[in-house]
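Here are some short exercises to work through with the structure open beside you. Try each task on your own before you read its solution.

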Amino acid sequence: MRTIDWTGGHITAIDQTQLPGDLVTLRIHTVGELVLAIKRLSIRGSSAIGVAGALGVALAALNGGDVRAEAAQLRAARPTAVNLAWAVDKVLAKLDEGVQAVVDEAVFILEDDVRRNRAVCERGADFLQSRLPDKKINVHTHCNAGALACVEMGMALGVVQVLRDRDALGEVYLDETRPLLQGARLTAWELAQMGVKHTVIVDSAGATVIARGLTDAVVVGADRITANGDVVNKIGTYPLALAAARAGIPFVVAVPESVIDLATPDGASVHIEQRDPAELGAPAGTPALNLAFDVTPADLVTAIVTDERTIHGKPLG
Ligand code: MRU
């Protein structure tokens, strides 16, 4: 089953807020519904929200409203993942060619995500096996960069799947990923479906698990990679990169090329989404800084693996 799809002129998507308890399919017919679904993380993960943005512009065009205004609402729904703005702009560029051209471009982005995804995962597994030959590789991951963050298969979890298929996978350690538990709820659910051995840990145990030698490599996705190679991903990624560097294990980022944002010079220039303090569970009124993403400096990244290339160091262009 796909995380997000285009069915009979509307969007179908798994409601990720209901997992792992219930597998519920949303049917989305308007941009207003879609923006709410993206904001509350029913649809989440950089590739999935890019595809959602593309299909959202198609919905706007089919519904005959003010497509440019609705596209602006989609773009603003989540600011950090560059795929959202990238996909919205690509589809919007077809507006002058008519509604069918808009729908065709959106569906192309949907299908292209699947093609690129497969290439990223094969390349990611190749890289890990070249670094860690002749062993079953224990992978450490954060948040959810699985099928639920894409259309199908996934980035970090797609790499895991390819390693498993090549009989080169040990087990997976996954951070719970506070405060919304994308790791404990979503990644654990996906790994169970895949039949892969996995262990969930609290976020603050990540460095200790790495220092104890329980994992051989950290593999994550990203929401944006800037021109200097800085990696913007779910809050809690940066500490894992520090721990991996200290332990001397690879820190690998698996992404489609569209996540590379050459127009933004560095991580410090990226708008980092801040979410509702209520998500942290402190008493009402407690001052809270709920940063949704962090920046891993380029020098801590062993490799960025995309659908087209494996990048070691700078520059990215
Ligand atoms: O806030 P989320 O759940 O959308 O954050 C998602 C992540 O940080 C993923 O790691 C990232 O999007 C890469 S998945 C292809």
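**Exercise 1. In this predicted model, find which residues lie nearest the centre of the second largest cavity, and which helix gives the most to its lining.**

Step 1. Start with the lining, which is made of 13 residues. Those nearest the centre are W86, I109, D113, R116 and S258.

Step 2. Now look for the elements behind it. Helices α2, α4 (82-92) and α5 each supply at least two residues of this lining. The top contributor is α5, with five residues.

Step 3. Sort the lining by class: five residues are nonpolar, four are polar and four are charged. The volume of this cavity is about 110 Å³.

**Exercise 2. Describe the largest cavity: what is its volume, and which residues are closest to its centre?**

Step 1. Begin with the count: the structure holds four cavities of 30 Å³ or more. The largest has a volume of about 210 Å³.

Step 2. Its lining has 22 residues, and R44, G45, S46, N144 and D223 come closest to the centre. The elements that give two or more residues to this lining are α2 (46-63) and β9 (231-234).

Step 3. Check the domains. Domain 1 (4-112) and domain 2 (121-311) each provide at least three residues of the lining of the largest cavity.

Step 4. Finish with the classes: ten of the lining residues are nonpolar, eight are polar and four are charged.

**Exercise 3. Trace the seven-stranded sheet and work out which strands stand at its edges.**

Step 1. Write down the order of the seven strands: β6-β5-β4-β7-β10-β13-β14. The sheet is open, and its pairing is mixed.

Step 2. Look at the two ends of that order. β6 (198-201) and β14 (310-311) each have a single partner strand, so one side of each is left without a neighbour in the sheet.

Step 3. Zoom in on one pair. Strand β5 (residues 169-175) runs parallel to β6, and four bridges join the two. D175, for instance, has I201 in β6 as its bridge partner.

Step 4. Add the helices. Helix α5 (residues 99-131) packs on the sheet, where it touches β4 (137-141), β7 (217-220), β10 (251-254), β13 (303-305) and β14. The direction of α5 makes about 150° with that of β13. Helix α7 (residues 182-194) lies across β4, β5 and β6, and runs at about 160° to β5.

Technical notes
Residues are numbered from 1 along each chain as its sequence is written. This is a predicted model: local features need pLDDT of at least 70, side-chain atom pairs count only at pLDDT 80 or more; totals for chains, interfaces and linings use all residues. Side-chain values use heavy atoms; hydrogens and water are left out. Two strands pair if DSSP finds at least two bridges between them. Contact means heavy atoms within 4.5 Å. Axes are lines fitted to C-alpha atoms, for helices over the stretch in contact, and angles run from 0 to 180 degrees between N-to-C directions. On a 1 Å grid over the protein atoms alone, a cavity is a set of points where a 1.4 Å probe fits but cannot get out, and a pocket is an open set with protein on both sides within 12 Å along at least five of seven lines; lining residues have an atom within 4 Å of a point. Grid points are joined across faces, edges and corners, and a volume is the space filled by probe spheres set on the points. Ala, Val, Leu, Ile, Met, Phe, Trp, Tyr, Cys and Pro count as nonpolar, Asp, Glu, Lys and Arg as charged, and the others, Gly among them, as polar. Domain bounds come from an automatic or database domain assignment.
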